[in-house]
Amino acid sequence: MGSLRECTRILGLDGYRIEYLEWETDGPRARLLIWLERRGVRGYACSGCRRRTWHVRDAKPRTWDDLPWAAHPVTVIYLQRRVRCRTCGIRTERVEFADAKARITRRLRQVIGLDCQSMPTSHAAVRHGVSWSKARRAERAFLAEWDRARPRRRPRHLGADEIHRGKRQKFYTVLSDLVHGEVIGLAPERTEDSLAGLLTTTLDARQRAAVEAVCTDMHRPYLNAIATELPKATVVLDKFHVLQHAGKALDEVRRKEFFRAGPVMRRFGRGKRWLLLRRWKTVRGSKRQELQTLFAANRRLFKAYVLREQLDRLWTYKTHDGVATFLFGWLKALRWQRLPEMEKLADLLVKHFDGIAAYCDHQVRFGVVESLNTTVKAVIRRARGMRDETMLLLKLKWATARPIRSARDLTRFLEFI
Ligand SMILES: [Zn+2]
């Protein structure tokens with residue numbers, strides 16, 4: 001029958017032909033049942049060891065959901081054999097178009113898995129007419145397969161960061177490859193053990209040996225973990241974390257100068273926190289005027305603001321001496337200003353001088369650290385309540401690696417058999 005041959009061609013499952021088609025029900029969107037049979041049988045492959053054999057024990061029809069034909073959802077049915085394998089014993093026959101034990105074909109799994117990366121799982125499940133758990137399993141298999149096939153890179157620069165999980169669950173430790181801008185590992189808590197565990201389990205010895213620098217904040221447990229697991233790597237302190245401390249110090253100055261100085265000053269300084277924390281170059285127009293009035297009212301706040309603004313320059317020098325000279329000048333400008341909060345910040349900078357100056361030798365991409373942070377937070381927020389950490393890590397890897405950047409990438413995922 002010619003038409004069945006055409007249908008086989010449309011179906012496009014290598015090595016299979018359509019035996020016959022039937023409708024599950026009547027109606028415009030009825031499910032299409034497609035009975036398959038192998039063509040050119042050269043024995044049946046064992047699902048355990050892939051060895052072919054003719055020893056068939058029995059056969060049972062099994063069904064898999066497949067890609068729809070226009071408006072019709074499709075189920076393929078195949079008489080799957082159980083074979084008697086010489087090495088494995090009694091096993092089911094290997095079916096090329098689906099994973100073992102999966103109830104959907106591999107190509108449908110790819111489509112669902114891909115959709116799940118840009119919409120909630122429940123949405124993708126409805127779209128493809130499968131249950132939520134089926135969609136979730138498909139997504140998981142899709143991501144795991146993608147992750148398994150990826151090359152294992154040797155990152156020169158690593159990033160170790162803590163991500164807030166929410167009130168009750170506290171923190172995650174996230175390890176990332178800063179050269180390629182990808183998440184590598186995820187661990188609960190932010191202890192020395194969590195980072196040390198990540199460094200030893202997600203990276204092998206060769207990968208660890210390639211690490212030249214680790215970008216992190218001043219969190220002591222992390223510094224300890226890096227010192228023990230990667231003794232040859234340099235710690236580069238994250239610029240944004242350092243500047244965050246500076247912002248906090250500045251805010252303390254504001255509080256002290258306005259809020260603890262009587263009701264008149266308090267009214268004057270109210271609602272200026274965010275304005276003050278912004279960088280001068282991003283403040284425009286009337287807001288600039290507002291800041292200037294604020295500074296006119298309090299010189300000490302002005303001084304603190306200027307000192308904070310100057311700190312940016314710590315990361316513009318090429319040599320340790322340059323950084324040291326700048327920091328020395330900065331400390332000198334701070335003297336006699338009676339700004340204890342800023343002096344505390346100065347102590348911190350001096351104490352962590354090595355970590356700051358290390359940027360001269362290892363130009364870690366701070367922008368990547370920030371953008372990774374944003375992506376990770378967004379994924380965790382969207383997946384809130386997700387208990388499955390393996391799944392969360394896979395999703396983070398996908399979101400940060402962004403494997404689909406062209407039509408060709410997309411085809412590679414969809415034409416996967
Ligand atoms: Zn076998």
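Is Glu189 buried, partly exposed or exposed? With a relative accessible area of 40%, Glu189 is partly exposed, because that label covers the range between the 20% and 50% cut-offs. Keep in mind as we go that this is a predicted model. Glu189 sits in the loop between β10 and α5, and its backbone has a feature worth a look: phi is positive, at about 65°, although the residue is not a glycine. Most residues other than glycine have a negative phi.

Lys101 gives us another case of this kind. Its phi is near 70°, again a positive value in a residue other than glycine. You will find Lys101 in the loop between β7 (89-92) and α2 (106-116). Lys101 counts as exposed because its relative accessible area is 77%, and exposed means over 50%.

Let's turn to the metal. Which residues hold the zinc ion? The protein donors are the SG atoms of Cys46, Cys49, Cys85 and Cys88, which lie 2.2 to 2.3 Å from the zinc ion. The angles among the four donor atoms run from 102 to 115°, and the site is tetrahedral. That label applies because four donors count as tetrahedral if all angles lie between 85 and 135 degrees. Along the sequence, the donor residues follow the spacing C-x2-C-x35-C-x2-C. Across the long gap in that pattern, Cys46 and Cys85 link distant parts of the chain, 39 residues apart. Cys46 belongs to the loop between β3 (44-45) and β4 (52-53), whereas Cys85 is in strand β6 (residues 72-85). Cys46 is buried, with a relative accessible area of 0%. Cys85 also counts as buried, at 8% relative accessibility.

From the loop that holds Glu189, we can move on to helix α5 (residues 192-201). Its buried residues are Ser194, Leu195, Ala196, Leu198 and Leu199. What lies over them? The cover includes the strands β8 (157-166), β9 (170-177) and β10 (182-188), along with the helices α6 (205-210) and α7 (220-229). When you look at the spacing of these buried positions, a general point about helices may help. An α-helix has 3.6 residues a turn, so residues three or four places apart point the same way.

Next, a pair of helices. How do α12 and α13 run relative to each other? Helix α12 (residues 299-310) packs against helix α13 (residues 320-334) at an angle of about 175°, and their axes are 11 Å apart. The two are therefore roughly antiparallel, since angles over 145 degrees earn that description. At the contact, α12 brings Lys303, Leu307 and Gln310, and these meet Phe326, Trp330, Ala333 and Leu334 of α13. Sorted by character, the residues of this contact are five nonpolar, one polar and one charged.

Further along the chain is Phe413, in helix α18 (residues 407-414). At 6% relative accessibility, Phe413 counts as buried. Leaving aside residues up to four places away in sequence, Phe413 touches Gln110, Phe142, Trp146, Trp398, Pro403 and Ile404. Ile184 makes a useful reference point: the C-alpha atoms of Phe413 and Ile184 are separated by 21 Å, and the two residues are 229 places apart along the chain.

Glu290 is found in helix α11 (residues 285-297). At 28% relative accessibility, Glu290 counts as partly exposed. Apart from residues up to four places away in sequence, Glu290 touches Lys272 and Leu275. Between Glu290 and Leu275, the C-alpha atoms are separated by 8.8 Å, with the two positions 15 residues apart in chain numbering.

Leu275 also serves as a reference for Thr390, a residue of helix α17 (residues 389-401). Thr390 is partly exposed, with a relative accessible area of 46%. Thr390 and Leu275 are 115 residues apart in sequence and 41 Å apart in space, taken from C-alpha to C-alpha.

One more residue rounds off the walk. Ala144 is part of helix α4 (residues 132-149), and at 27% relative accessibility it counts as partly exposed. From Ala144 to Leu32 the separation is 112 residues in sequence and 30 Å in space, C-alpha to C-alpha.

Note on methods. Residues are numbered from 1 along each chain as its sequence is written. This is a predicted model: local features need pLDDT of at least 70, side-chain atom pairs count only at pLDDT 80 or more; totals for chains, interfaces and linings use all residues. Side-chain values use heavy atoms; hydrogens and water are left out. Donors are N, O and S atoms within 2.8 Å of the metal (3.2 Å for Na, K and Ca); water is not among the atoms, so sites may look incomplete. Four donors count as tetrahedral if all angles lie between 85 and 135 degrees; four count as square planar and six as octahedral if opposite donors are over 155 degrees apart and all others between 65 and 115; anything else is irregular. Helices (H or I, at least four residues) and strands (E, at least two) are DSSP runs, numbered from the N terminus. Buried means under 20% relative accessible area, exposed over 50%, partly exposed in between (1.4 Å probe, protein chains only). Axes are lines fitted to C-alpha atoms, for helices over the stretch in contact, and angles run from 0 to 180 degrees between N-to-C directions. Angles under 35 degrees count as roughly parallel, over 145 as roughly antiparallel, 65 to 115 as roughly perpendicular and the rest as oblique. Contact means heavy atoms within 4.5 Å. Ala, Val, Leu, Ile, Met, Phe, Trp, Tyr, Cys and Pro count as nonpolar, Asp, Glu, Lys and Arg as charged, and the others, Gly among them, as polar.
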